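Student: I've got a new model open and I'd like to talk it through. Can we go over it piece by piece?

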Amino acid sequence: MASEQTYTITELAREFDVTPRAIRFYEDQGLLKPSRVGRTRVYSKSDRTRLKLTLRGKRLGLSLAEIKELIEMHGGVRNAAPQLLRFLVVLADRRAALEQQREDIEAVLGEIDSLEQQCSELLGHDTSRAAEERAEVVRRMRAGA
């Protein structure tokens with residue numbers, strides 16, 4: 001019987017461009033379950049897949065609890081329908097949150113446009129003067145003054 005492919009923490013960290021500390025954190029959260037040989041962690045193909053799914057979930061903005069729930073639903077079960085249905089619900093929730101954020105950003109940008117226009121009008125439509133004033137405000141904000 002051929003031995004299963006295994007990985008070290010360093011190999012996984014390098015492959016997925018994360019720190020070993022992040023991998024240990026995911027292990028502490030129960031997302032990865034490496035075996036040990038002495039004090040060395042040995043990660044299986046399954047751990048590698050779980051890490052890949054965890055990182056994908058994080059990119060989507062899912063919480064670690066949501067990621068763990070989805071990963072554990074699979075658990076080698078042949079019928080993936082419940083997992084896929086739950087994933088669709090999680091994705092719909094995430095999409096709704098992002099759409100709300102987009103609306104909020106659009107509202108803030110509109111307010112900024114309005115305030116910039118008001119400031120320009122108060123400066124007497126002198127666009128060069130308005131640009132200078134805006135640059136000065138930005139400089140002061142960056143300087144913390």
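Tutor: Sure. Let's fix one term before we start: contact means heavy atoms within 4.5 Å. Keep in mind too that this is a predicted model.

Student: Then which residues is Leu51 in contact with, leaving aside its neighbours within four places in sequence?

Tutor: Leu51 belongs to the largest nonpolar core, which has 18 residues. Among those that touch the most other members of this core are Leu51, Leu12 and Ile23. With neighbours within four places in sequence left aside, the contacts of Leu51 are Leu12, Phe16, Ile23, Tyr26 and Leu32.

Student: Which elements give two or more residues to the largest nonpolar core?

Tutor: Start from the general trend: in soluble globular proteins, nonpolar side chains tend to be buried together. In this core, Leu12, Ile23, Tyr26, Tyr43 and Leu51 touch the most other members. The elements that give two or more residues are α1 (9–16), α2 (20–28), α3 (45–59) and α4 (64–74).

Student: Is Ser44 buried or exposed?

Tutor: Ser44 sits in strand β3, residues 40–44. Residues up to four places away in sequence aside, Ser44 touches Glu4, Gln5 and Tyr7. The cut-off for buried is under 20% relative accessible area. Ser44 has 18% relative accessibility, so it counts as buried.

Student: And Asp17, what's its phi?

Tutor: Asp17 is in the loop between α1 and α2. At 71% relative accessibility, Asp17 counts as exposed. Most residues other than glycine have a negative phi. Asp17 isn't glycine, yet its phi is positive, near 55°.

Student: Moving along the chain, how far apart are the end C-alpha atoms of residues 88–118?

Tutor: UniProt lists residues 88–118 as "coiled-coil region", in an unreviewed entry. In the model that stretch is 100% helix and 0% strand. Its end C-alpha atoms are apart by 45 Å.

Student: Which element supplies the largest share of the lining of the second largest pocket?

Tutor: That pocket has a volume of about 230 Å³. Twelve residues line it, and the closest to its centre are Leu115, Glu116, Cys119, Arg134 and Val137. Both α5 (81–122) and α6 (127–143) supply at least two residues of the lining. The largest share, six residues, comes from α6.

Student: How many residues of that lining are nonpolar, and how many are polar or charged?

Tutor: Cys119 and Val137 are among the residues closest to the pocket's centre, and both residue types count as nonpolar. Glu116 and Arg134 are also in that closest group, and their types count as charged. Over the lining, the split is eight nonpolar, one polar and three charged.

Notes. Residues are numbered from 1 along each chain as its sequence is written. This is a predicted model: local features need pLDDT of at least 70, side-chain atom pairs count only at pLDDT 80 or more; totals for chains, interfaces and linings use all residues. Side-chain values use heavy atoms; hydrogens and water are left out. On a 1 Å grid over the protein atoms alone, a cavity is a set of points where a 1.4 Å probe fits but cannot get out, and a pocket is an open set with protein on both sides within 12 Å along at least five of seven lines; lining residues have an atom within 4 Å of a point. Grid points are joined across faces, edges and corners, and a volume is the space filled by probe spheres set on the points. Helices (H or I, at least four residues) and strands (E, at least two) are DSSP runs, numbered from the N terminus. UniProt positions are given in the numbering used here, feature names are shortened, and annotations may be inferred rather than shown by experiment. A nonpolar core is a set of buried Ala, Val, Leu, Ile, Met, Phe, Trp, Tyr and Cys residues joined through side-chain atoms within 4.5 Å. Buried means under 20% relative accessible area, exposed over 50%, partly exposed in between (1.4 Å probe, protein chains only).
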